[in-house]
Each structure stands twice: as structure tokens, then as C-alpha cells.
Amino acid sequence: MATTEQTVHADGRVELTDPEAVANSPYGNAELAPTRLPERHWTTYNYAALWMGMAHNIPSYLLAAGLVALGMNWLQAFITITLGNLIVLMPLLLNSHAGTKYGIPFPVFARAFYGVRGANFPALLRAFIACGWFGIQTWIGGQAIYVIVGELAGDGWTNASAIGGHPWTQWLSFAFFWVIQMALIFRGIEGLRRFENWAAPLVTVAFLALMIAILVKAGGLGPILDQPSKLGWDADFWKIFAPALMGMIAFWATLSLNMPDFTRFGKGQRQQVWGQIIGLPTTMSFIALVSIITTSGTVLLYGEAIWDPVELTRRFENPAVVTIGLIMAILATMSCNVAANVVSPSYDFANAVPRWLNFRTAGLLTGVIGVVIQPWRLISDPEIYIFVWLSFYGGLLASVAGVLIAGYWLLDRTNLYLADLYQPGGRYWYTAGWNWRAVVATLFGSLLAVGGAYSNPGAGPFPADGLIPLLKPLYDYSWAVGLVVGLLTYLALTIASPSRQSNPTHAAPMF
């Protein structure tokens with residue numbers, strides 16, 4: 001079935017009838033244009049491998065290890081992480097649908113509700129958070145390189161003179177790893193897909209090997225699982241559980257927005273849905289269990305919870321074991337970092353200035369900002385990592401997810417006009433390119449979600465009574481508050497003050 005602008009295929013996927021219809025748009029370029037059907041060939045395995053590569057990484061490991069370091073036992077930490085990933089899977093799949101159906105990336109999808117220009121607001125918010133993650137992952141990868149070379153070169157490398165609190169050799173390792181990733185980015189999205197396909201299984205093997213080594217040293221699984229929780233199951237646990245759960249959800253709150261960047265290449269909805277169901281909850285539960293067992297083992301062996309796997313690997317005496325383990329850590333970091341933290345901001349920055357930036361140049365910009373953010377500070381402590389970094393940005397992005405879900409599923413019933421997403425003066429132009437309803441809903445949802453942000457005394461940048469004391473109780477539920485408030489506010493504003501017909505009559509069917 002075809003309209004004057006778009007063709008709906010039998011499987012429900014939609015493409016422009018004439019691809020040249022948006023070729024001269026000031027709001028488009030080759031990367032932002034809808035993906036043509038012959039280029040949509042990602043399979044269930046591609047998506048499962050993508051998630052395996054993104055989930056099996058050191059920051060994922062640090063999630064579970066951080067919960068153990070904060071006093072949870074293995075069961076409490078496992079339940080918290082598994083539940084968080086099952087919850088975030090729902091908005092992730094809802095927002096993935098548009099990518100597969102229309103072949104569009106996240107910032108173009110956001111234009112339908114924020115406006116052709118207004119989409120830069122959520123897109124750049126998502127992009128800067130991704131830059132922070134890129135910096136964190138690059139710092140971790142640089143640490144691994146620093147340790148490997150130290151094993152081979154000796155104390156002269158490891159104990160080099162310090163600059164800014166770290167040996168200059170560690171800064172050099174950080175810079176080298178940054179360059180390696182930029183080289184992978186310049187190979188484009190297909191180069192990334194091929195890298196994920198073979199790197200993901202190797203990463204899984206590396207984490208298993210680390211766990212087995214700790215189990216052997218600790219005398220088996222029994223002593224590890226018998227360790228009691230420092231928090232118990234009463235008020236002390238529940239006080240940490242809610243903000244920790246929000247942090248676990250927020251870990252993938254970024255991808256719950258920008259997964260259309262990947263699902264736009266899917267062969268169909270079935271492939272992307274099953275690939276993600278197989279890929280996300282299972283792999284995150286696996287890495288959580290590995291991390292929990294390994295970190296709990298370090299409490300028995302070393303008298304403290306060593307939550308950083310790079311630091312833990314250094315404790316092994318065999319240089320070959322250390323080197324192989326850290327090479328796997330480097331692969332894990334690259335596999336996740338380029339997919340999760342460069343693809344999205346590359347599209348997002350290109351969306352802001354499509355005539356000046358493409359996927360590769362925007363990826364370079366992401367790398368530069370990732371250094372400027374000073375990631376070594378964000379990863380310095382589990383309290384800052386989980387309760388400050390994750391909980392705060394999770395609340396911000398959840399309000400965006402609420403707007404997208406309300407607009408796409410409840411108001412437009414999954415029907416979009418492709419050409420108008422790229423044209424000034426069209427259906428999605430709203431007022432001067434901005435839809436104030438979506439912006440207000442996002443700001444209001446974010447205010448309620450993170451306005452009460454607080455830190456325990458001496459454990460973070462926020463005041464103990466919260467930025468806005470009245471909103472402090474809501475911060476423990478930041479992601480849930482942001483999602484619900486953003487969704488309901490956008491629905492209410494759009495119904496009360498409609499800017500266009502909500503349900504197009506000649507667009508594609510819902511599925």
C-alpha cells in the first residue's frame with residue numbers, strides 16, 4: 001500500500017516511496033534519512049549479540065559489585081538487578097518499535113513529539129549523558145592497558161611520576177584506548193555489527209574465567225553464598241533497595257530512548273523483539289551473578305569487597321593470566337562503549353547540525369566531550385556511581401521516555417508521516433519547530449524526579465536534605481516518577497491543547 005509519500009509493506013514496515021523526498025531537507029543527511037528496506041537486515045542473533053556485547057562489560061559488573069560493596073548479599077543484589085532489567089525492558093521495546101517500522105533513528109523519532117527543531121532538546125540531553133558513559137568506559141579500558149603494560153614493563157611504568165593524581169603512563173593508556181575506539185567508529189555501523197558478533201562471546205568467557213578463578217581460591221561456592229547480608233531484610237535493606245533499583249533501571253534508561261538507532265536496521269519486529277528479550281535480561285542477570293559471586297569471594301579472600309575487576313585481576317600472580325584477563329576486559333569495554341555510547345550521540349549531534357556533522361565526525365565530538373567530563377571522578381566510588389550518576393540522569397531520561405510512549409502509542413497509535421519528520425512547516429513543525437507540550441512535560445517530570453536529589457553526608461555532591469527538601473522522598477524513585485509524570489503530563493497537555501489531529505486516517509496500520 002502506498003500514499004503520496006510513503007509505502008507500507010506487507011510486514012508493516014514503512015519506507016519513503018521516493019527517497020529523494022527528504023534529500024534536500026535542511027534537517028536531514030544520509031545517516032538521519034529513513035533506512036531503505038534492503039539495508040534492514042539485522043537478525044535476532046545480531047540483536048542478541050549486540051546486547052551481549054553491551055551488557056557484558058565492566059560498568060555492568062560494577063553494578064552488582066557495587067551493591068555487594070554497599071552491604072547486600074548475593075540474593076539481594078541479584079534480585080535488585082534482575083528486577084531492574086525486566087522493568088526497563090518494557091519502555092525499551094515500546095520505543096524500539098518505531099525504529100523497525102519506519103527505519104528512523106531516535107532523534108528523528110523524537111521530532112514527532114518535540115518538533116523538528118525541538119527534538120534537539122531530548123537528543124542532546126541523551127547525547128551528553130552518553131558522552132559521560134563513553135568517558136567512564138574509556139577510562140576503564142585505559143586502566144586495563146596500563147596494568148597490562150605494567151605487568152610486562154615493570155615498576156618503571158606502574159610507578160611513573162604523577163600528573164593530576166594519576167601516573168602519566170595511565171593518562172597515556174587512556175589516550176591510546178581513546179584512539180583505538182575512534183578508529184572503530186570511523187568504520188561505520190556495519191563495522192560495529194561485525195565487531196559485536198565475534199567480540200561478545202569472548203567477553204563472556206573472560207568473565208566466567210575470572211569467577212572460576214575466585215571460586216577455586218575461595219574453596220567453592222558454599223562459603224560465598226553463606227555470607228550474610230550486612231543490611232538484613234528489614235529497614236536498612238529497604239532504605240537502599242528503592243534507590244538501588246532505580247539505579248539499575250537507569251543503567252539502560254539511555255538505551256530505552258535511543259534503541260531505534262539500532263532497530264532501524266531490523267528485518268522485522270519479531271527479530272528485534274526476540275533478540276532483545278533474549279539479549280538483555282539474560283545477559284544482565286548472568287553478568288550480575290558472575291559479579292556477585294566474584295565480589296563476594298573477594299570479601300572472603302582479601303577481607304574487603306573489591307568491586308573493580310581490573311584491580312581484582314591485578315591480584316593474580318601469573319602474568320599470563322593477568323594479561324589475558326585484561327585483554328578480554330579491553331574487548332568488553334570496546335564492545336559496549338562504541339555501541340551503547342557512541343552510536344546514539346553521533347546521531348544526536350548530527351541531528352542538531354546535519355549539514356555539518358555526520359556519523360563519524362559526530363562520533364569524534366562524542367569522544368572529545370567524554371574526556372572533558374572527567375570520567376575518572378564519576379567512577380571513583382560506588383555511592384557516587386549508583387546514587388548520584390545513575391539515579392540522577394535516570395530521572396531525567398525517564399521523563400523523555402514517558403513523552404515518547406504517550407505520543408507514539410497512546411496518541412498517534414504508532415502512525416507517523418515520514419516526510420514531515422524532515423520538513424519545516426509540516427505536521428511536526430508545531431510552533432517554530434518546537435512542541436512546548438513535550439518540553440513542559442519533560443521539565444516537569446524531571447523536576448519531580450530529581451528536584452529532591454540528595455547525598456549522604458560526605459558521599460556525594462548534593463545536600464543531605466535534598467536540592468528541594470519537599471521533593472526529597474521522590475528521589476528514591478526517580479526513574480518511576482520521571483516516566484509516569486512525563487507520560488501523564490504530555491497526555492494531559494496534548495488533550496487539553498491539541499496542536500494537530502492525533503490519529504492520521506491514511507497512515508500505516510498499528511502493526
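A salt bridge here is a side-chain nitrogen of Lys or Arg within 4 Å of a carboxyl oxygen of Asp or Glu. Arg-36 and Glu-15 fit that, with their closest N and O atoms 3.2 Å apart. Keep in mind that this is a predicted model. The protein has 511 residues, and 63% of them are buried. On the secondary-structure side, there are 22 helices and four strands.

**The overall picture**

- The accessible surface adds up to about 18500 Å², and carbon and sulfur atoms own 67% of that.
- Sequence-distant pairs do much of the touching: among contacts with a separation of 6 or more, 83% involve residues 24 or more positions apart.

**Salt bridges**

- The count comes to two salt bridges.
- One of them is the Arg-36 to Glu-15 pair, at 3.2 Å between the closest N and O atoms. Glu-15 sits in strand β2 (14-16) and Arg-36 in the loop between β2 and α1 (44-55), so this pair ties together parts that are 21 residues apart in sequence.
- The two partners sit in different accessibility classes: Arg-36 is partly exposed, at 29% relative accessibility, whereas Glu-15 is buried, at 9%.
- Arg-13 and Asp-11 make a salt bridge too, and here the closest N and O atoms are 2.7 Å apart.
- In that pair, Arg-13 is the buried partner, with a relative accessible area of 10%, while Asp-11 is partly exposed at 41%.

**Helix α4 and its packing on α5**

- Helix α4 spans residues 106-114 and helix α5 spans residues 120-153; their axes come within 8 Å and cross at roughly 140°. That angle makes α4 oblique to α5, because only angles over 145 degrees count as roughly antiparallel.
- From α4, the contact is made by Phe-106, Pro-107, Ala-110 and Tyr-114. On the α5 side, the residues involved are Phe-121, Pro-122, Ala-123 and Arg-126.
- There's a general pattern worth recalling here: an α-helix has 3.6 residues a turn, so residues three or four places apart point the same way.
- How many of the nine residues of α4 are buried? The tally is nine of nine, so the helix is mostly covered, given that buried means under 20% relative accessible area.
- The buried set in α4 includes the aromatics Phe-106, Phe-109, Phe-113 and Tyr-114. Arg-111 is on the buried list as well.
- Right after α4 comes Gly-115, with a positive phi near 100°.

**A nonpolar patch on the surface**

- Five residues, Phe-444, Leu-447, Leu-467, Ile-468 and Leu-470, form a nonpolar surface patch. Together they have about 490 Å² of accessible area.
- Where does Ile-468 sit? Look in the loop between α20 (436-450) and α21 (472-475).
- Ile-468 is partly exposed, with a relative accessible area of 35%. That value makes Ile-468 eligible for a patch, because patch residues need over 30% relative accessible area.

**Ile-495 in helix α22**

- Another isoleucine to look at is Ile-495, found in helix α22 (residues 478-496).
- Ile-495 is exposed, with a relative accessible area of 62%.
- The C-alpha atoms of Ile-495 and Leu-411 are separated by 9.0 Å, though the two residues are 84 residues apart along the chain.

Methods: Residues numbered from 1 in each chain as written. Predicted model: local features only at pLDDT ≥ 70, side-chain atom pairs only at ≥ 80, totals over all residues. Heavy atoms only, no water. Patch = residues over 30% accessible without salt bridge, like charges linked within 9 Å, V, L, I, M, F, W, Y side chains within 5 Å. Areas by Shrake-Rupley, 256 points an atom, 1.4 Å probe, with all protein chains shown as cover. Helix = DSSP H or I, 4+ residues; strand = E, 2+ residues; numbered from the N terminus. Buried < 20%, exposed > 50% of the residue type's maximum accessible area, 1.4 Å probe, protein only. Axes fitted to C-alpha atoms, helices over the stretch in contact; angles between N-to-C directions. Parallel < 35°, antiparallel > 145°, perpendicular 65-115°, else oblique. Contact = heavy atoms within 4.5 Å.
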